[in-house]
Amino acid sequence: MGNFEQKVDQFIEIFIAQDGYQRVIEGLRNTLLIAVSGLLIGILIGILIATVRVIPKYKVLPRILNGICSFYVGLFRGTPMVVQLLVGYYVLLPILGVKMTGVQISCLVFGLNSGAYISEIMRSGILSVDQGQMEAGRAVGLSFSTTMIKIVIPQAVKNILPTLGNEFIALIKETSVVSFVGAADLYVAFNYIGSNSYEFMVPYLVMAVIYIVIVMLISLAIKIMERSLRKSDRRN
């Protein structure tokens with residue numbers, strides 16, 4: 001027990017006396033920034049791809065777009081996130097001559113990766129909406145795109161909200177790999193504390209608790225949103 005107390009004291013010394021808390025705050029900020037940005041980018045990409053995938057393929061252009069979207073989804077779902085980060089940061093950026101920080105490229109890659117998964121989630125959500133909703137919109141003179149945006153997609157989002165919450169949680173946990181491209185996330189912050197104290201048990205335990213708290217807060221927010229949507233449906 002005394003040995004554990006000594007480890008806690010070492011952690012507190014690095015955390016407070018040597019400004020370790022500043023690195024933890026920066027790491028938490030970057031972790032949330034990457035995950036939130038990735039989710040928002042993923043939702044935009046996912047909606048676009050899902051819409052293309054459900055468009056009737058009577059003409060040539062929808063078929064070409066569907067093929068491109070299928071390749072995109074297969075590419076990002078078929079390779080690990082860390083490989084995408086490494087290729088993006090160390091291969092594509094130098095070739096294109098673009099300068100981006102580790103956090104910026106992480107936000108972009110997480111968004112592109114999330115878009116591939118959310119597109120399938122969104123497609124299943126769109127298909128779960130009664131076909132009569134689309135027919136009703138077209139019957140009153142709305143175009144296909146307007147009907148999708150104003151009628152079908154809002155209902156699909158309600159259906160897939162829990163799954164989107166799970167995707168956000170997955171993004172939060174996957175941010176632990178962004179250290180490969182020099183981004184300072186929670187793992188980097190607590191690894192710094194462990195390296196300076198030569199003791200990793202307490203820092204890693206605290207890091208695990210922070211991740212658990214974040215996930216619990218996200219889960220609670222999703223439940224509140226679901227409850228609110230159910231109430232609005234009953235009022236309607």
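**Talking through a helical model**

Modeller: Leaving aside neighbours within four places in sequence, Leu85 is in contact with Ile105, Ser106, Val109, Phe110, Val177, Val178 and Val181. Keep in mind that this is a predicted model.

Biologist: Okay, and what makes Leu85 count as buried or exposed?

Modeller: Buried means under 20% relative accessible area. Leu85 has 0% relative accessibility, so Leu85 counts as buried. Leu85 is placed in helix H4, which covers residues 81-96.

Biologist: How far apart are Leu85 and Val181, in sequence and in space?

Modeller: They are 96 residues apart in sequence, and their C-alpha atoms are 7.0 Å apart in space. Val181 is also one of the residues that Leu85 contacts.

Biologist: Ser106 was on that list too. Which residues does Ser106 contact, leaving aside its neighbours within four places in sequence?

Modeller: Those are Ile34, Leu85, Val178, Val181 and Ala183. Ser106 is found in helix H5.

Biologist: And how do you know whether Ser106 is buried or exposed?

Modeller: Same kind of check. The cut-off for buried is under 20%, and Ser106 has a relative accessible area of 0%, so Ser106 is buried.

Biologist: Gln104 is found in helix H5 as well. Why is Gln104 called partly exposed?

Modeller: Buried needs a value under 20% and exposed a value over 50%, with partly exposed in between. Gln104 comes out at 41% relative accessibility, so Gln104 counts as partly exposed. By the way, Gln104 and Ser219 are 115 residues apart along the chain, and 26 Å separates their C-alpha atoms.

Biologist: Let's go to the helix pairs. Why are H2 and H5 called oblique?

Modeller: Their axes come within 5 Å and cross at roughly 40 degrees. Under 35 degrees would be roughly parallel, and 65 to 115 would be roughly perpendicular. An angle of roughly 40 degrees fits neither range, and H2 and H5 are therefore oblique to each other. H2 passes H5 in a right-handed crossing. The residues of this contact divide into 18 nonpolar, 10 polar and three charged.

Biologist: What about H2 and H3, why are they oblique to each other?

Modeller: Helix H3 holds residues 60-77, and the H2 and H3 axes come within 9 Å, crossing at roughly 135 degrees. To be roughly antiparallel, the angle has to be over 145, and roughly perpendicular stops at 115. So H2 and H3 are oblique to each other. This crossing is left-handed. On the H2 side, the contact is made by Ile45, Ile49, Val52 and Arg53, and on the H3 side by Leu65, Asn66, Cys69, Ser70, Tyr72 and Val73. These residues divide into seven nonpolar, two polar and one charged.

Biologist: And what makes H2 roughly antiparallel to H8?

Modeller: Helix H2 covers residues 20-54 and helix H8 residues 186-197, and their axes come within 7 Å and cross at roughly 165 degrees. The cut-off is over 145 degrees, so H2 is roughly antiparallel to H8. H2 passes H8 in a left-handed crossing. H2 brings Gly20, Arg23, Val24, Gly27, Leu28 and Thr31 to the contact, while H8 brings Leu186, Ala189, Phe190, Tyr192 and Ile193. That gives seven nonpolar, three polar and one charged.

Biologist: Ile47 is in helix H2. Why is Ile47 called partly exposed?

Modeller: Its relative accessible area is 22%. Buried would need a value under 20%, and exposed a value over 50%, so Ile47 is partly exposed. Ile47 touches Met122 and Ile153, not counting residues up to four places away in sequence. Between Ile47 and Leu205 there are 38 Å in space, C-alpha to C-alpha, and 158 residues in sequence.

Biologist: Now Thr147, which is in helix H7, residues 144-174. How do you know whether Thr147 is buried or exposed?

Modeller: Thr147 has a relative accessible area of 0%, and with the buried cut-off at under 20%, Thr147 is buried. Not counting neighbours within four places in sequence, Thr147 contacts Gln133, Met134, Gly137, Arg138, Leu142 and Val152.

Biologist: One more topic, the cysteines. How many disulfides does the structure hold?

Modeller: Zero. A disulfide is a covalent bond between the sulfur atoms of two cysteines.

Biologist: And what makes Cys69 and Cys107 buried?

Modeller: Cys69 has a relative accessible area of 10%, and Cys107 has 11%. Buried means under 20%, so Cys69 is buried and Cys107 is buried.

Notes:
Residues are numbered from 1 along each chain as its sequence is written. This is a predicted model: local features need pLDDT of at least 70, side-chain atom pairs count only at pLDDT 80 or more; totals for chains, interfaces and linings use all residues. Side-chain values use heavy atoms; hydrogens and water are left out. Axes are lines fitted to C-alpha atoms, for helices over the stretch in contact, and angles run from 0 to 180 degrees between N-to-C directions. Helices (H or I, at least four residues) and strands (E, at least two) are DSSP runs, numbered from the N terminus. A crossing is left-handed if the near helix is turned anticlockwise from the far one by less than a right angle, and right-handed if clockwise. Contact means heavy atoms within 4.5 Å. Ala, Val, Leu, Ile, Met, Phe, Trp, Tyr, Cys and Pro count as nonpolar, Asp, Glu, Lys and Arg as charged, and the others, Gly among them, as polar. A disulfide is a pair of cysteine sulfur atoms within 2.5 Å. Buried means under 20% relative accessible area, exposed over 50%, partly exposed in between (1.4 Å probe, protein chains only).
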